[in-house]
Amino acid sequence: MNLSDNRLINDRAREFLTEHRESIYRRTDRMFAWLMVFQWIVGLTVAAWVSPYAWAGRTHYVHPHIWSAVILGGLICSLPTFLAIYLPGRAITRQTIAIGQALVSSLLIHLMGGRIEAHFHVFGSLAFLAFYRDWKVLATATFVIAADHMVRGIYWPESIYGITSIGWQRSLEHIAWVSFEDVFLFYSIWVSCKEMTIIANRRSEMEQMQVEVEREVTDRTREIELQRLVLQESHERLERQTAELRRAIEASEGANRAKSAFLANMSHEIRTPLTAILGFADVLLETGDIKKAPADRVDAIETIRRNGSHLIALINDVLDLSKIEAGKFQVENLPCSLHRLIGDLKHLMQVRAEEKKLSINIHYDGPIPEMILTDPTRLRQILMNLLSNAIKFTQEGEVSISVTLVGKREDRKIQIDVKDTGLGISDEMREKLFHPFTQADGSMSRRFGGTGLGLTISRRFAQLLGGDLEILETSSAGSTFRLRIDPGPLQNVELHEPNEQKIEKPAQVKPAPASKEVLKDLHILLVEDGPDNQRLIQFLLKKAGATVELAENGQIGYDKATQTDQPFDVILMDMQMPIMDGYTAASKLRADGYGGPIIALTAHAMAEDRNRCVEAGCTDYSTKPVDRTKLIELIRFHAQAASV
């Protein structure tokens, strides 16, 4: 705060102090105007009832001095009252009131015959005059009281003390008591004035502060307004960008939906002819005595089956990758025995390894959990892909699997290293391998086959399982893939170190042959629009012993299912057909009260497609290309369940 501000504060404080004092002066003047009138009335009362007895004992009469006192009292009270009403706040007014109040005290003492009680009015008058907070007023009243006591004490003592003896000594005593009271009254006036000055200074400072605050508020308001304008402009710009982003998101979602629809349709269109291709290839291998067929013919059929299976694997990988990228892929957390899963995979892949004279070795580096909580299907898919790649790219040597539990107690992971002695991977290709449709070099796909999607999907699956998949640097030939997954909570899980040699081989479950007795006496309605698939599936079902009736679309299938005299044991319903699709046909059948099993037979292989089929009223779901054994077992199961 600078000198100019201090000067302004001091000047304003003096103004506040002056205003306050004038307010006190005017208020006290009005109080004394009423007090003067009241005291004059009290004087009349005293003159009428008290003074006659005070002056003449029990004789009651009006003494001439009383008349003089009453008249004198009116004169004493009139001037201060007049000035208090018409000139309030003036110095002459309060000085006149001080003199008048002192004279009123003297008059009341005279009217009451000098009684000691009347002298208390003097002290009360001084206390009332202290309300002015002006020591000059108090000094004037004190001087008048002292002079009155001294003069009357010498020349007329009975009017002030009620005795005739000279009382100047007594007057001095009274003056001393008045002075004693003045000491406290002067001190209280000094303290009060000091407080008034402090209050005035604080009020001035607060006013100055308020001015500064208002100035600051004005400045800040101006800044805020400018910022508001800037924010409004930014908000409008953000709204435009948000609208553009929303349009881009909608376009992206539309493209995503279009991509999903394209993939689903392509999957359907590819799976449908593959059903006939793979199915009739199996028929060729099983019909007649295949051992008498020329070797090149058998080799041609096996080539058809192998390439068809490869095409199915490619479609499945593309669909899996599409679901992962769209964020629609969900994993399950189920209890799983890790060492048994790895043992099953070893025995499953052992045949392929032995064909190339390779060995598969499993090592457990320390104890591992007896059971873990993960998605066993996806974990099996990851390890299957790693083992398949290791065997495919290894010409001699071995493939080893190392399993260990790593990390701290709060963040433990299952670590699985799959190492081979194959070609190895260069540093520049290490990360590229996890990009879709990428292999170690351009000739790999021609030399070894493959789509380049397996590692991409495996890494995404590993991340969904709470871990990751990476390639370790190796100094010698071969490569090492390290998989880490989250095993779930391990607080109450027993740890043990499996002995790989003691793990029993899983029983080789061979599918039951599709004999004529499996579906014997079953009446099946096949609703299928593709002629090739009609012939194939009808052939497979009849070979298994069933009686098959065909329907080319959902409308015909609905009519046959509702109008036939001989009910069908099972309905196989293709879901995408002309005129009426399978979803509509199944829904109408269920709406009409049809209770037999309806098995959806479709080339749509997405998880949501299964849900859609079940919601439409289908009992179960099977995808194309059909797995003959699974399809026959599915029909047999639902036929038996419906007959119970």
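How many nonpolar, polar and charged residues are there in the lining of the second largest cavity? Before I answer, please keep in mind that this is a predicted model, in which local features need pLDDT of at least 70 and side-chain atom pairs count only at pLDDT 80 or more, while totals for chains, interfaces and linings use all residues. Residues are numbered from 1 along each chain as its sequence is written, and side-chain values use heavy atoms, with hydrogens and water left out.

The lining has 8 nonpolar residues, no polar ones and 1 charged residue, where Ala, Val, Leu, Ile, Met, Phe, Trp, Tyr, Cys and Pro count as nonpolar, Asp, Glu, Lys and Arg as charged, and the others, Gly among them, as polar. A cavity here is a set of points on a 1 Å grid over the protein atoms alone where a 1.4 Å probe fits but cannot get out, and lining residues have an atom within 4 Å of a point. The search of the whole structure finds 3 cavities of 30 Å³ or more, and the second largest has a volume of about 50 Å³, a volume being the space filled by probe spheres set on the points, which are joined across faces, edges and corners. Its lining is made by Ile342, Leu345, Lys346, Leu383, Leu386, Leu387, Ile401, Ile416 and Val418. Two or more of these residues come from each of helix 10 (338-355), helix 11 (376-392) and strand 6 (413-420); helices (H or I, at least four residues) and strands (E, at least two) are DSSP runs, numbered from the N terminus.

Let me turn to the sheet. Strand 6 belongs to an open sheet of 5 strands, in the order 2-5-6-8-7 and with mixed pairing, where two strands pair if DSSP finds at least two bridges between them. Strand 2 (359-364) and strand 7 (468-472) each have a single partner strand, so one side of each is left without a neighbour in the sheet.

Strand 5 and strand 6 pair in the antiparallel sense over 8 bridges, and Ile401 has Val418 as its bridge partner in strand 6. These two strands form a hairpin with 6 residues between them, and Gly407 in the turn has a positive phi of about 95°. On the other pairing of strand 5, strand 2 runs parallel to it over 6 bridges, with Ser402 as the bridge partner of His363. Of the 9 residues in strand 5, 8 are buried, meaning under 20% relative accessible area with a 1.4 Å probe and protein chains only.

Methods: On a 1 Å grid over the protein atoms alone, a cavity is a set of points where a 1.4 Å probe fits but cannot get out, and a pocket is an open set with protein on both sides within 12 Å along at least five of seven lines; lining residues have an atom within 4 Å of a point. Buried means under 20% relative accessible area, exposed over 50%, partly exposed in between (1.4 Å probe, protein chains only).
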